[in-house]
Each structure stands twice: as C-alpha cells, then as structure tokens.
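Visitor: I am new to this structure and would love a close look at a single part of it, the nonpolar core. Could you walk me through it, starting with the chain as a whole?

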Amino acid sequence: MAHHRHLQGVVHLSFGAVLLLIGLAIANKTMDTREGEDVTLKCRFNEHYSDREYSYYWAQQSPNKYDNVAIKGDTFNSNYKIDYRPNQGIYDLQIFNVSYARDNGRFECRIKQIGSDSAIYEDYYNLTVLTPPQPPLIFPGSETTATEDKKQELTCSSVGGSPDPTISWYREGSTTPLAANLIYGGSRDMQTTSTLTIIPRREDDGAKFTCVVWNRAMPESQRLETVTTLSVNSADGE
C-alpha cells in the first residue's frame, strides 16, 4: 500500500520515468573519504512527506553490526548531525571527523509510513575510509626453489588496506598480468592474498615474478612491489 501511495504522488511522470526514479533511489552509491575528514551523505526525495505520517532514519551496516545512527532529527553520536527538512525533500547525514573504526561501511537512508514495515524511499551509500595497504610479502620468499614439471605455488600477501587492495602477478619482461587466485581480506586488519600456480620448466630457472599491490588510497602512479626469483631443480635430481 505504501508503494502505491508513492506512485500516486508522481502522476505527472511517465511510467518509465517513475521506474528510473525508483532505480536511482535504491542504487548503491560509493563515496571515498579519509580519516579526519567531514562528509555529507545526501538523502533527497522528490515528494515531501509529512513527518507526522512517516518515520525517517539512517542506519549503518558493517560486517559486525547493524545500527540506527539517526531517527528523524536526532542522532546517536556527537560526530553525526542531521539536516532534517522533510518539507523540502532533504534528510542528509553529516559525519564529522571520519574514522575507519566507526564509519567505514554501508549507510542507509529510509523513509517508512508509520505502522508499516515497508520503506517508501531508500538511499544507500558505501562509505570507504581510505587506508593504503602494507608492503607485500611473498611466500616462500625472495628466492623460490622449485622442481621441474612439479606444481609450485607463489603466494603474495598484503595486510590491511581500505578498500581491499588488488594484487597482480607479472613475469619479468611481460606487462600482461598472470592468472592467480585472489582472496580479499575484508577489512584493513586482515590480509589479502593472491596465489600464483606455475609448473616450472628447466628454462624457467632464474625467472623473476613480481607481485604488485594497489588500492584507491594510493596515488594512481604508485605501486607496492616485491619480487621472487625462481630456482628450478631438475626432476631427476641432476
């Protein structure tokens, strides 16, 4: 019923335009910030809902919690402030002195008709508090001893980073990334790993493999790199 009322309010728009507005309202938006900065998450809607008939709230979802951070004009943290003007279609969340521990995650703006569980308007932000990753490490090490024609794994890991970093493998002399198994850490306290599996041949003795790490907290031109050199033993021990 709530959705029906919402559509009645835009009778001057075509059906296609209504679908576009709904799609924009529920689409995830991505916003990057850094520790100590101030950001505003805008929640704007075309219809002006009376605050006596509708409830407004912001909530935050992260891997370990789902909490309301504001209801109508009231917030539950001194670093949060609400710009609460429903008659003008404005319900923005202002975050001051951003911190990774508190603010990194998904924020949701929702408007519900009082007495209903269904939202008539929703807006979502994926807020990323940028943190550069740590320098990568390669296992087994800077020198890798392998056996000819026997599967060998090279694992590159980088702790932290927000968002999770990308890790790419390259063979010396090539700019084409090698296929590898990438496992994201999920938070800046966990390591992201990329495992490259090779079957070395005798002519691969001395080959160098480079692990390259990057995320959006770093300048576009910067990369973190480390190299391992392959030492290939003959399969017959010679």
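Visitor: To begin, what does the accessible surface of the chain come to, and what share of it belongs to carbon and sulfur atoms?

Guide: Happy to help! Please keep in mind that this is a predicted model. The accessible surface of the chain comes to about 13,300 Å², and carbon and sulfur atoms account for 49% of that area. Turning from the surface to the inside, 42% of the 238 residues count as buried. The chain is built from 3 helices and 17 strands. If you take the contacts between residues at least 6 apart in sequence, 64% of them join residues at least 24 apart.

Now for the part you asked about. In soluble globular proteins, nonpolar side chains tend to be buried together. Here, the largest nonpolar core has 25 residues. Look for Trp58, Tyr91, Leu93, Ile95, Phe107 and Ile111, the members that touch the most other members. Several strands feed this core: β2 (39-41), β3 (54-62), β4 (65-71), β6 (80-85), β7 (90-95), β8 (105-113) and β9 (119-129) each supply at least two of its residues. The largest share comes from β9, with 5 residues. There is also a second, separate core, made of 17 residues. Among its members are Ile138, Cys156, Leu196 and Leu230.

Two of the strands that supply the largest core also lead us to some backbone details. After β4 comes a loop that runs to β5 (74-75), and Lys72 lies in it. Lys72 has a positive phi of about 50 degrees, although it is not a glycine. Its side of the story at the surface is in between: Lys72 is partly exposed, with a relative accessible area of 29%. Next, follow β7 to the loop between that strand and α3 (100-103), where you will find Asn97. Asn97 is not a glycine either, yet its phi is positive, at about 50 degrees. Asn97 is partly exposed too, with a relative accessible area of 44%.

Further along the chain, two prolines deserve a stop. The peptide bond from Phe139 to Pro140 is cis, with omega near 15 degrees, and Pro140 sits in the loop between β10 (137-139) and β11 (143-147). Another cis peptide bond runs from Ser162 to Pro163, with omega near 5 degrees. Pro163 belongs to the loop that links β12 (152-159) with β13 (166-171).

Technical notes:
Residues are numbered from 1 along each chain as its sequence is written. This is a predicted model: local features need pLDDT of at least 70, side-chain atom pairs count only at pLDDT 80 or more; totals for chains, interfaces and linings use all residues. Side-chain values use heavy atoms; hydrogens and water are left out. A nonpolar core is a set of buried Ala, Val, Leu, Ile, Met, Phe, Trp, Tyr and Cys residues joined through side-chain atoms within 4.5 Å. Buried means under 20% relative accessible area, exposed over 50%, partly exposed in between (1.4 Å probe, protein chains only). Helices (H or I, at least four residues) and strands (E, at least two) are DSSP runs, numbered from the N terminus. Contact means heavy atoms within 4.5 Å. Accessible areas come from the Shrake-Rupley method with a 1.4 Å probe; for residues, only the protein chains shown count as cover.
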